[in-house]
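This report goes through selected features of a single protein chain. The sequence and the structure are shown first.

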Amino acid sequence: QVQLVESGGGSVPAGGSLRLSCAVSGYTSYRYCMAWFRQAPGKEREAVAKIRTGRGSTYYADSVKGRFTISQNNAKNTLYLQMNSLQPEDTAMYYCAASTRESCSTTNLGGSSPYDYWGQGTRITVSS
């Protein structure tokens with residue numbers, strides 16, 4: 001059974017940093033992409049960052065470019081999201097997602113439809 005388990009969430013003041021981790025287990029299919037999404041209270045889920053696992057190409061939402069970095073450790077089957085210069089508007093539940101569908105391998109951030117596996121989420125709260 002495929003499992004994605006996020007960790008690393010918490011509360012930080014504005015300007016602070018956090019690193020999220022997503023441990024992947026139980027995978028038997030090739031993962032074309034992995035990504036981080038977030039959903040703030042009262043808002044729709046949005047893509048934050050994506051990595052095409054084969055090429056290592058990364059893509060970001062404009063709102064986080066230059067502040068967030070997505071990376072992967074294939075040996076550890078772990079996805080990361082380093083978040084610096086956090087702002088109150090970054091407050092949300094953050095989810096990692098994995099796609100076994102080649103349709104995710106576009107050269108842009110894309111949306112949630114290609115992703116077939118999701119974690120349970122980890123909460124980030126940034127205070128002003």
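The text below covers the nonpolar core, several individual residues, the cavity and the backbone angles of a predicted model.

**Nonpolar core**

The largest nonpolar core has 38 residues. Within this core, the members that touch the most others are L4, W36, L81, M83 and Y94. Eight strands are named as giving two or more residues each to the core: β3 (18-25), β4 (33-39), β5 (46-52), β6 (58-60), β7 (68-73), β8 (78-83), β9 (92-99) and β11 (122-127). As a general background, nonpolar side chains in soluble globular proteins tend to be buried together.

L4 sits in strand β1, which covers residues 3-7. The relative accessible area of L4 is 6%, and L4 is therefore buried, the cut-off being under 20%. Once residues up to four places away in sequence are set aside, L4 touches C22, A23, V24, Y27 and M34, and further along the chain C96, A97, A98, Y117, W118, G119 and Q120. G110 is not among these partners; the C-alpha atoms of L4 and G110 are 20 Å apart, with the two positions 106 residues apart in sequence terms.

C96 belongs to strand β9. With a relative accessibility of 0%, C96 counts as buried. Its contacts, again without residues up to four places away in sequence, are L4, E6, C22, A35, W36, L79, Y117, W118 and G119. L4 and C96 thus appear in each other's contact lists. From C96 to S57 the C-alpha distance is 17 Å, at a sequence separation of 39 residues.

**T122 and S11**

T122 is part of strand β11. Its relative accessibility is 10%, so T122 falls in the buried class, which requires a value under 20%. The side chain of T122 comes to 3.2 Å from the backbone nitrogen of G9. Beyond its neighbours within four places in sequence, T122 is in contact with E6, S7, G8 and G9, with L20, and with A92, M93 and Y94.

Is S11 buried or exposed? S11 is exposed, because its relative accessible area of 64% is over the 50% cut-off. S11 lies in strand β2, made up of residues 10-13. The C-alpha atoms of S11 and V126 are separated by 5.8 Å, although the two residues are 115 apart along the chain.

**Y30**

Y30 is placed in the loop between β3 and β4. With a relative accessible area of 48%, Y30 is partly exposed. Apart from neighbours within four places in sequence, Y30 is in contact with T53, G54, S99 and T100. Y30 and A92 are 62 residues apart along the chain, and their C-alpha atoms are separated by 29 Å.

The C-alpha distances given so far are collected here.

| Residue pair | Separation in sequence | C-alpha distance |
|---|---|---|
| S11 and V126 | 115 residues | 5.8 Å |
| C96 and S57 | 39 residues | 17 Å |
| L4 and G110 | 106 residues | 20 Å |
| Y30 and A92 | 62 residues | 29 Å |

**Cavity**

How many cavities of 30 Å³ or more does the structure hold? There is one. The largest cavity contains about 30 Å³ of space. The residues that line the largest cavity are R31, M34, Q72, N74, N77, T78 and L79. Sorted by class, this lining consists of two nonpolar, four polar and one charged residues. Two of the lining residues also occur in the contact lists above: M34 is touched by L4, and L79 by C96.

**Backbone angles**

Most residues other than glycine have a negative phi. Two residues that are not glycine have a positive value here, N77 and S85.

The phi of N77 is about 55 degrees. N77 lies in the loop between β7 and β8, and is also one of the residues lining the largest cavity. Its relative accessible area of 33% makes N77 partly exposed.

For S85 the phi is about 50 degrees. S85 is found in the loop between β8 and β9. At 37% relative accessibility, S85 is likewise partly exposed.

Conventions
Residues numbered from 1 in each chain as written. Predicted model: local features only at pLDDT ≥ 70, side-chain atom pairs only at ≥ 80, totals over all residues. Heavy atoms only, no water. Core = buried A, V, L, I, M, F, W, Y, C linked by side-chain atoms within 4.5 Å. Buried < 20%, exposed > 50% of the residue type's maximum accessible area, 1.4 Å probe, protein only. Helix = DSSP H or I, 4+ residues; strand = E, 2+ residues; numbered from the N terminus. Polar contact = N/O pair within 3.5 Å; in protein donor to acceptor, adjacent residues only side chain to side chain. Contact = heavy atoms within 4.5 Å. 1 Å grid on protein atoms, 1.4 Å probe; cavity = no way out; pocket = protein on both sides within 12 Å on 5 of 7 lines; lining within 4 Å. Points joined across faces, edges and corners; volume = space filled by probe spheres on them. Nonpolar A, V, L, I, M, F, W, Y, C, P; charged D, E, K, R; others polar.
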